[in-house]
Structures are given as structure tokens and as C-alpha cells.
Amino acid sequence: MIRVLIADDQSMVRMGFRMILDAQDDIEVVADVEDGVAAVTKARALRPDVCLLDIRMPGLDGLEVTRQLAGPDVADPLKVVVVTTFDLDEYVHTALGNGASGFLLKDAGPALLIEAIRAAHRGDALVSPQVTVRLLKHFEGASARRSVSPPKEPLTARELDVVRAAARGLTNTEIGTQLYMSLSTVKTHLAAVQGKVGARNRVEIAAWAWRSGLME
């Protein structure tokens, strides 16, 4: 059972998300809260498998909640999926740096909401294709490339293929199908890349790919 915490300042949104998620056999909403302070407190107390966070909330916004629950300095980070209305892309870039492992548009629909939760839980974070390019293309350009550290050791040709596919928003299963490799091989390549480029998850791998000019 995937245990989920919902944080959103709109009661109708929380109710809608709860109804959609609780209707699934494998998902249970363990809490829904209306502000960022309560989100941090409840998440630390309940240790849900996935936290679904709105960006704009009173108390602490979703970006700061993400940092406190999943940031680089958190010893035992939680999985966070950030919900965005998509009109402020720079917020999502900050969420990425703060440890978010998935992005979702508020109007994405029930199917993507469910898949985002399941993807985050299995470590195969959902960055849906329509979100990926618009968000991550912001990392392109000379100024972005100047801030990218080179990998600790060169990536193999196959690792580069996997990275490009992940940066386009493909899931591990889709990458395996496209590149004719098993799911375990895809995961092995991604794990190796994480170590080489210093990324904590596949979203950071994707960001590195765009920043380094790999997607041009």
C-alpha cells in the first residue's frame, strides 16, 4: 500500500485528490493538510511513501517544504511530487534543486496523478513529456553550461542513450523498449550515471543532460 500525504491550501483540491487516490486499491491517503508548516510536521510524524505538495501554500510554500523533506541536507529524504499550475516555471526549477522527484500539472487529470504517485514510490519519478521539455529547456544555454561540473568519469555511449531518453521524460520501461534493453539494465545504467554526474535521482539526471548541452 502506497501511503500518501496531500498538502494544498484549497479544500476542494485536497478533496478531489483524496477521492481519486483513495479509490485505488494500492494507494491510501494518510493525511491532507492546508499549509506548509502542517505538511512538514505531519510528514515527519507519519513518514508517508509520497508527499503531494502544492507550490503556493501559507506558512511555508511547497518549495521550502520540499527542501525540508527531500533536500540535499536531509538524511532520510521523503519522496515528493510537486503540483504546479505551470505559470511559474522558475518555481519548479527551485523544487528540482530542493529534491522533488516528480512534477505534475494541476489539470493533468486522474490518470497522471495516480501514475505520478506510483512512479515516485518506485523511484521511477514521473516528469511527464509535456512538462519535461518546457521545464528543462530552461537549463540550456552558455550560462547554464558554465555551472555544470563534468562527470567524474566519461559516460559510455549506452549511458548517454539512456540519459537522453530519461531527459525526454520516458519511464524506465519506455527506455528499455526504445533501446532494446531489460528493465534491470536501464536501472543499472541510470545508477551508474547518478554516481558519475552527482545526481540524486532521475530528475537531476535529466536536468544535467539539458544543462550540459547533451540534448542539443
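Is R14 buried or exposed in this predicted model? R14 is buried, because its relative accessible area is 12%, which lies under the 20% cut-off for burial. The legends below begin with this residue.

**Figure 1. The salt bridge between R14 and D32 in the predicted model.** The closest N and O atoms of R14 and D32 are 3.1 Å apart. This pair links distant parts of the chain, with R14 in helix α1 (residues 11-22) and D32 in strand β2 (residues 27-33), 18 residues apart. The two partners fall into separate accessibility classes: R14 is buried at 12% relative accessible area, whereas D32, at 29%, is partly exposed. By the rule applied here, the count of salt bridges comes to ten. Side chains of opposite charge can pair when their charged atoms come close.

**Figure 2. A salt bridge within helix α8, formed by the side chains of D161 and R158.** The N to O distance of this pair is 3.2 Å. D161 and R158 are three residues apart in helix α8 (residues 157-167), and therefore about one helical turn separates them. Both side chains belong to residues with intermediate accessibility: D161 counts as partly exposed at 28% relative accessibility, and R158 is partly exposed with a relative accessible area of 34%.

**Figure 3. The salt bridge between E159 and K196, and a network elsewhere in the chain.** The side chains of E159 and K196 meet at 2.8 Å, N to O. This pair links distant parts of the chain, E159 being in helix α8 and K196 in helix α10, 37 residues apart. Both E159 and K196 are buried. A network is also present, in which salt bridges that share partners join R14, R18, D22 and D32.

**Figure 4. The surroundings of H189 in helix α10.** H189 has a relative accessible area of 16% and is therefore buried. When residues up to four places away in sequence are not counted, H189 touches R158, E159, V162 and M181. Two of these names recur from the preceding views: R158 takes part in the salt bridge with D161, and E159 in the salt bridge with K196.

**Figure 5. The crossing of helix α9 and helix α10.** The axes of α9 (residues 172-179) and α10 (residues 183-197) come within 9 Å and cross at roughly 105 degrees. This angle falls in the range of 65 to 115 degrees, and α9 and α10 are therefore roughly perpendicular to each other. On the α9 side, N172, T173, I175 and G176 take part in the contact, and they meet L183, V186, K187 and L190 in α10. By class, the contact of α9 with α10 has four nonpolar, three polar and one charged residues.

**Figure 6. The setting of V37 in helix α2.** Helix α2 spans residues 36-46 and includes V37. With a relative accessibility of 43%, V37 counts as partly exposed. Leaving aside neighbours within four places in sequence, V37 is in contact with G59 and L60. A further separation describes this region: the C-alpha atoms of V37 and M57 are 9.3 Å apart, and these two residues are 20 residues apart along the chain.

Note on methods:
Residues are numbered from 1 along each chain as its sequence is written. This is a predicted model: local features need pLDDT of at least 70, side-chain atom pairs count only at pLDDT 80 or more; totals for chains, interfaces and linings use all residues. Side-chain values use heavy atoms; hydrogens and water are left out. Axes are lines fitted to C-alpha atoms, for helices over the stretch in contact, and angles run from 0 to 180 degrees between N-to-C directions. Helices (H or I, at least four residues) and strands (E, at least two) are DSSP runs, numbered from the N terminus. Angles under 35 degrees count as roughly parallel, over 145 as roughly antiparallel, 65 to 115 as roughly perpendicular and the rest as oblique. Contact means heavy atoms within 4.5 Å. Ala, Val, Leu, Ile, Met, Phe, Trp, Tyr, Cys and Pro count as nonpolar, Asp, Glu, Lys and Arg as charged, and the others, Gly among them, as polar. Buried means under 20% relative accessible area, exposed over 50%, partly exposed in between (1.4 Å probe, protein chains only). A salt bridge is a side-chain nitrogen of Lys or Arg within 4 Å of a carboxyl oxygen of Asp or Glu.
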